[in-house]
There are 2 protein chains.
Amino acid sequence: MFYKFFKKKSPATLGHRARTIENSFTADLAAELLVAPTALMRLTLEDARVVVHYMQPHRIDEGATFIKEGDTRDTAFMILILDGEVTVETIVVSRTEPVTITVLGRGSLVGEMGLLDGEPRSASCTASSPVSCAILSRQALEELMQENPLVAAKLMLAVALRIAARLRDNADKLKMYVQLTQVMQQEIGHRAPG
Amino acid sequence: MFYKFFKKKSPATLGHRARTIENSFTADLAAELLVAPTALMRLTLEDARVVVHYMQPHRIDEGATFIKEGDTRDTAFMILILDGEVTVETIVVSRTEPVTITVLGRGSLVGEMGLLDGEPRSASCTASSPVSCAILSRQALEELMQENPLVAAKLMLAVALRIAARLRDNADKLKMYVQLTQVMQQEIGHRAPG
């Protein structure tokens, strides 16, 4: 679904400058947001400017679901939100309506796990307003690794940190649910007929 | 608790060779295990040999709890298990005995989140047999980033991938628990007195 959001590949002979965010205001904003606490704060602004050079600007219409849960195609990219709001939802089998996990705004990253593993999307993302964003594809990441390996290493460290923070948060929630089900199990046991 | 497992820092003038795993059999094993499916399979063996150069060999006695849940000191390292078994446990408030999360063996990584964020340990690790391992400290990682940035970038990508895989697994479990508690809630509702 998302492939249409990618610009046509520029010929290799043009070099990577062809991929860059040309509008310098957008590039500056993207670099500043990459180092903000919500995105990848361990990068320096200088590092972030190098990363932005490998990103593509993009606009998403309000209401467009640009990442679909379970999607297996074209998943190898991440998005930095420059402006607008994105609703992240997941489907829980027992409910008819999807469950909203979070709402993301300026400076948030979306889909960074897909950038790494290209696995099916774990949630759906819908633009709840017009969204302006910058995209880093896996291919651009590979080029960054070859051309600016130290910046790539710092970027990967920062992305890994973000995912680790989500994992710690998730593990805490899981522990809470384990306890909750134990309490509920006891409740059900106490009330069992006979 | 773990600081005692680290060798005394070698003088900076000795350079990083002083930190290396000197026994070549151990070094070969460590490199092979780093690229195995259980550790960081996206590294090449050549990359892994470079990483191993920055690791320290270590032995852990059977029964020693070498990582303690909640520990905030000396958490910035990860361990590659070369031989032996490690039991990973967590404390659930409602139980008196800790819950075993998993048992890890040769080729497994332990504590890779600590390497990244230095946050309190999320689980305890006990050697259930004598364990031979190789340690990568945060300081060694920083040196690897400066001296071999491309290998560091690949290592960080591989570590991020591993954490992403754990997060996806964890998110699936969390979804299952959300459904389970919904079903149990209904069960309790149905049986409510009156």
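A crossing of two helices is called right-handed if the near helix is turned clockwise from the far one by less than a right angle, and left-handed if it is turned anticlockwise. The model is predicted, so that local features need pLDDT of at least 70 and side-chain atom pairs count only at pLDDT 80 or more, whereas totals for chains, interfaces and linings use all residues. Residues are numbered from 1 along each chain as its sequence is written, and chains are lettered from A in the order in which they are written.

**Exercise 1.** Describe how helix 1 of chain B packs against helix 2 of chain B.

*Solution.* Helices (H or I, at least four residues) and strands (E, at least two) are DSSP runs, numbered from the N terminus. Helix 1 of chain B and helix 2 (residues 45-52) of chain B pack at about 125°, with axes 8 Å apart; axes are lines fitted to C-alpha atoms, for helices over the stretch in contact, and angles run from 0 to 180 degrees between N-to-C directions. Helix 1 of chain B is therefore oblique to helix 2 of chain B, a word for angles outside the ranges under 35 (roughly parallel), over 145 (roughly antiparallel) and 65 to 115 degrees (roughly perpendicular). The crossing of these two helices of chain B is right-handed. Among the residues that make the contact (C-beta atoms, placed from the backbone, within 7 Å) are B:A27 and B:L34 of helix 1 and B:L45 and B:R49 of helix 2 of chain B.

**Exercise 2.** Work out the strand order of the open sheet in chain B and find its edges.

*Solution.* The 4 strands follow the order 1-8-3-6 with antiparallel pairing in chain B, where a pair requires at least two DSSP bridges. Strand 1 (56-60) and strand 6 (109-110) of chain B each have a single partner strand, so one side of each lacks a neighbour in the sheet. Helix 1 (residues 24-34) of chain B packs on this sheet, touching strand 1, strand 3 and strand 8 of chain B. Strand 3 (residues 77-83) and strand 8 (residues 131-137) of chain B are joined by 6 bridges, and B:F77 stands opposite B:S137 in strand 8 of chain B.

**Exercise 3.** Determine which relation links chain B to chain A, and what each chain gives to the contact.

*Solution.* A rotation of 180° with 0.0 Å of shift along its axis superposes chain B on chain A with RMSD 0.0 Å, by least squares on C-alpha atoms of residues with pLDDT of at least 70 in both. This is the relation of a two-fold axis. Chain B and chain A give 38 residues each to the contact, and helix 5 of chain B gives the most to its side, with 29 residues.

Definitions and conventions. Contact = placed C-beta atoms within 7 Å.
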